[in-house]
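Me: I'm new to reading structures and would like a close look at the metal site in this one. Could you take me through it slowly, and then show me what else is worth seeing around it?

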Amino acid sequence: MKLIDAHIHLSDAEYAEHVGELLVEAKNSEVVALVSNSMDLETSKGSLKLAEKYPNHVYPALGIHPWNVKVLKENELEETVKLISEQSQKNAVTAIGEIGLDYKYEAIWDQQMMVFDKMLHLAEKLDLPVIIHSRGTTAQIVDMLPSYRLKRVLLHWFSHPMSALYKGVDNGYFITEGPPVAYSNGIREVVKKVPLTNLLTETDGPVTYRKLPYNGQLTRPSFIRTVVEAVAEVKNMAVADVAEQIARNFEGFFNIKLS
Ligand SMILES: [Zn+2]
């Protein structure tokens, strides 16, 4: 099987000492591709470095996460835009992410919106896919995206509302689901409703999952197998068939040929 972790934060400090070991384990668990999402300028540079060090295994998504908007250093936004533009000329950027809007950070809403808009315009200009964080803002984001010329949109950890799921699917958007598929009825409901052709798998590590079967241990790419098994159960399909379709989705969405 070819398994996919389409959303992980490999350049996060928490993974620093473990990356080599985690990627060996990923290979042994048949996780053949990982998209290293970034939070700011520093982790964007980190994702690029990892992609260079582990070619055809780690793919970099660069950008500024809404949580980091409030701690941006002077010129950090401009420098991140510059980095993405330059690296994209060399075909070294897989996607722009993780970007988005988070309702829990309402106090900095205008800044969030400004950064998100900049990132979306950059994705338009460079013709790159976007990986979107939309906690409490999914319906709003799905409504605003058609005003940008974006061909490839991924709504990460989609939870609700279902109306936004249907609208997104109609627009050709993809969603990712991860470890909660194994225990969350809400997420299982989303997986049931989304066409398998619009679904990718993720771990979002180093986010930890307290519930069984993960039990608070360090999130690892090898969790993807459990995710695919849970999706197969919900879809009432064979695990290998689910894995194959998700690998195909990955290739189509990110324009990458898996080796
Ligand atoms: Zn994330």
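**The zinc site and its surroundings**

Reply: The 4 donor atoms around the zinc ion subtend angles of 87 to 177 degrees, which makes the arrangement irregular. Keep in mind that this is a predicted model. For a tetrahedral label, all angles would have to lie between 85 and 135 degrees, so the angle of 177 degrees rules that one out.

Who are the donors? The zinc ion is held by His7 and His9, each through NE2, by Glu98 through OE, and by Asp204 through OD, at 2.1 to 2.2 Å. Try finding them along the chain: their spacing reads H-x1-H-x88-E-x105-D. Histidine 9 sits in the loop between β1 (3-8) and α1 (19-28), while aspartate 204 sits in the loop between β8 (199-201) and α8 (224-235), so this pair ties together parts that are 195 residues apart in sequence. Are histidine 9 and aspartate 204 buried or exposed? Both of them are buried.

Now let's look at the pockets. The largest pocket has a volume of about 450 Å³. It is lined by 23 residues, and the closest to its centre are Trp67, His133, His156, Trp157 and Asp204. You've met Asp204 already, as one of the zinc donors. Sorted by class, the lining of the largest pocket has 8 nonpolar, 11 polar and 4 charged residues.

Trp157 deserves a second glance. Tryptophan 157 is found in the loop between β6 (153-156) and α6 (162-170). Its phi is positive, about 50 degrees, although tryptophan 157 is not a glycine. With a relative accessible area of 31%, tryptophan 157 counts as partly exposed.

The loop between β6 and α6 also holds proline 161. The peptide bond that leads from histidine 160 into proline 161 is cis, and its omega is near -5 degrees. There is another cis bond to find, from leucine 212 to proline 213, with omega near 5 degrees. Where is proline 213? Look in the loop between β8 and α8, where you also found aspartate 204.

That loop has one more residue to show you, and for this one we need the aromatic rings. A search of the whole structure turns up 9 aromatic pairs. In one of them, the rings of tyrosine 183 and tyrosine 214 have centres 6.2 Å apart and planes at 70 degrees, so the pair is edge-to-face. Tyrosine 183 is in the loop between β7 (174-177) and α7 (185-193), and tyrosine 214 is in the loop between β8 and α8, so the two rings tie together parts that are 31 residues apart in sequence. How do these partners sit relative to the surface? Tyrosine 183 is partly exposed, at 26% relative accessible area, whereas tyrosine 214 is buried, at 2%.

Another edge-to-face pair joins phenylalanine 253 and phenylalanine 254, with 4.8 Å centre to centre and 85 degrees between the planes. Phenylalanine 253 is buried at 2% relative accessibility, and phenylalanine 254 is buried at 4%. Both belong to a cluster linked by ring pairs, made up of Tyr59, Phe174, Phe250, Phe253 and Phe254.

Let's finish with the other pocket. The second largest pocket has a volume of about 370 Å³. Of the 18 residues that line it, the closest to its centre are Asn91, Ala92, Val93, Thr94 and Leu128. Which helices supply at least two residues each to this lining? They are α2 (41-53) and α3 (76-89), and α2 gives the most, with 3 residues. The lining of the second largest pocket divides into 10 nonpolar, 5 polar and 3 charged residues.

One last stop is aspartate 127, in the loop between α4 (109-126) and β5 (130-133). Aspartate 127 has a positive phi of about 55 degrees although it is not a glycine. At 39% relative accessible area, aspartate 127 is partly exposed.

Conventions
Residues are numbered from 1 along each chain as its sequence is written. This is a predicted model: local features need pLDDT of at least 70, side-chain atom pairs count only at pLDDT 80 or more; totals for chains, interfaces and linings use all residues. Side-chain values use heavy atoms; hydrogens and water are left out. On a 1 Å grid over the protein atoms alone, a cavity is a set of points where a 1.4 Å probe fits but cannot get out, and a pocket is an open set with protein on both sides within 12 Å along at least five of seven lines; lining residues have an atom within 4 Å of a point. Grid points are joined across faces, edges and corners, and a volume is the space filled by probe spheres set on the points. Ala, Val, Leu, Ile, Met, Phe, Trp, Tyr, Cys and Pro count as nonpolar, Asp, Glu, Lys and Arg as charged, and the others, Gly among them, as polar. Helices (H or I, at least four residues) and strands (E, at least two) are DSSP runs, numbered from the N terminus. Donors are N, O and S atoms within 2.8 Å of the metal (3.2 Å for Na, K and Ca); water is not among the atoms, so sites may look incomplete. Four donors count as tetrahedral if all angles lie between 85 and 135 degrees; four count as square planar and six as octahedral if opposite donors are over 155 degrees apart and all others between 65 and 115; anything else is irregular. Buried means under 20% relative accessible area, exposed over 50%, partly exposed in between (1.4 Å probe, protein chains only). Rings of Phe, Tyr and Trp (its six-membered ring) pair if their centres lie within 6.5 Å; planes under 30 degrees apart count as stacked, over 60 as edge-to-face and the rest as tilted.
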